[in-house]
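Here is a short report on charge pairs, one loop serine and internal space. Please look at the sequence and the model first.

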Amino acid sequence: MSGVLDDYAIAPSIREFIVRPHGILIDGQWRDAVSGQRLDVFEPSSAECIASIAAGSTDDVNLAVEAAHRSMEDGRWSRLAPADRERILLKLADLIEANLDELAVLETIDNGKPLSAAREIDLPDALRFARYMAGWATKIDGRVVALSAPNAPMGMTVREPVGVVGAIIPWNFPFNMAVQKVFPALAAGCSVVLKPAEQTSLTAIRLGELAQAAGVPDGVLNIVTGLGPTAGDALARHRLVAKLTFTGSTAIGTQIATAAIQNMTRLTLELGGKSPMIVLADADLDRAAQGVVDGIFYNAGQVCCGSSRLYVEQTIHDALLERVAARANALRVAPGLSPGCEMGPLVSARQRDRVMEYIATGRREGASVLAGGECPGAGYFVRPTVFGGLRHDSRILREEIFGPVLAVSAFATDAEVVRRRMTHVMGSRRVSGRTIWRACEILRARFVPARCG
């Protein structure tokens, strides 16, 4: 067992799970990758290797997809009575609830996020979603339509499982994303090949074990761990995959869409973002500052909808930034398992280096570092960072950083902030005056209390 885990009171069963070699789940069997190759798992707060997972590749994906396809063909799940599918999925949800604390610890060890966030937000949210989707198994129906043609019979539509679903999930909310991909597909009667992010595969593997214990038939849920350019690409290109669902970066999403179109595979993409927060002069500055900090530094900024751009009306710019910088500097950055941790490390050395390169870019562009900007200690930590004095064309205002970096810009009028916000999103594409006018209306809208009389 790695030394870093000795610092915390981790249950023996969790330690046992972490240290054992983890395989790939295909047709109900856990096995090594065909190549025999493996990947190391690193704990983000110490950068120590704590576990080992199978490095699946094209051969493993082929076996997993074929197993899932066989399970669709023989109907062991797709033709199971909806009430039976619902019962099994609800049992899986019950097992998730029974193992909630274990899963939260694994998520924290794997991803680096504060244990409080995993225990109080991520896992309960995944559990609620699992139970909700389990209920859909008995509520998917068709309809009967009266046709208009003379002497035409009634028309009937029936919703059927689409087939094998390939699901590729990111590393920022690993368990939650796995549940969001797997449960809807299973509720609809589809079989799944799940490819978790190579940095954070432990809770997906544990989900596979719980699914087996709940009675999900062999071959219905298959899990292939491995690298994106090998296992992920093979899944995106496979001709027997009827539907692909991917959450991750826009760049990788573009590659997956290009691969999927070769087979005309149905595709759902949830990609990156550069979400703005706009603070007007009449805001409560203390509440606004806390909202800004919560919006960008939750999960160390590794959130696609994190409010990484802050536009502040000029008259309150300095006062708000003073409060935001103070709160950013006060955040307790520590290992996720450490009591009182408010922000953990980034997920990997690669992600830390990427974020630090953006911070260096901001400095080169002449922006002011009002808080943070450095890597404290060992592991993949980056201090909560606040930039002010940015040029309107700054890279850190335009590009997704996916880390704890806030880019702040002042504005004088509603039209100015709306135009700049849209320009940052739309690039060189022209923003119409009507669009700006309507956005300003929305920006300044106020709810008027209803009067009873």
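The text below takes salt bridges, then Ser 348, then cavities.

This is a predicted model: local features need pLDDT of at least 70, side-chain atom pairs count only at pLDDT 80 or more, and totals for chains, interfaces and linings use all residues. Residues are numbered from 1 along each chain as its sequence is written, and side-chain values use heavy atoms, without hydrogens and water.

The structure holds 22 salt bridges. A salt bridge puts a side-chain nitrogen of Lys or Arg within 4 Å of a carboxyl oxygen of Asp or Glu. The table gives some of them, with N to O distances.

| Acid | Base | Distance |
|---|---|---|
| Asp 101 | Arg 119 | 2.7 Å |
| Asp 122 | Lys 113 | 2.4 Å |
| Asp 353 | Arg 352 | 3.1 Å |

Asp 122 and Lys 113 are both buried (buried is under 20% relative accessible area, exposed over 50%, partly exposed in between, with a 1.4 Å probe and protein chains only). Asp 353 is partly exposed at 44%. A salt-bridge network links Arg 20, Glu 102, Arg 206 and Glu 209.

Ser 348 sits in the loop between helix 11 (317-330) and helix 12 (349-364). Helices are DSSP runs (H or I, at least four residues), numbered from the N terminus. Ser 348 counts as buried because its relative accessibility is 13%. Its side chain reaches the backbone nitrogen of Gln 351 at 3.1 Å.

Which residue types line the largest cavity? The lining divides into five nonpolar, five polar and one charged. Ala, Val, Leu, Ile, Met, Phe, Trp, Tyr, Cys and Pro count as nonpolar, Asp, Glu, Lys and Arg as charged, and the others, Gly among them, as polar. A cavity is a set of points on a 1 Å grid over the protein atoms alone where a 1.4 Å probe fits but cannot get out, and lining residues have an atom within 4 Å of a point. Glu 400 is one of the lining residues.

Methods:
Helix = DSSP H or I, 4+ residues; strand = E, 2+ residues; numbered from the N terminus. Polar contact = N/O pair within 3.5 Å; in protein donor to acceptor, adjacent residues only side chain to side chain. 1 Å grid on protein atoms, 1.4 Å probe; cavity = no way out; pocket = protein on both sides within 12 Å on 5 of 7 lines; lining within 4 Å.
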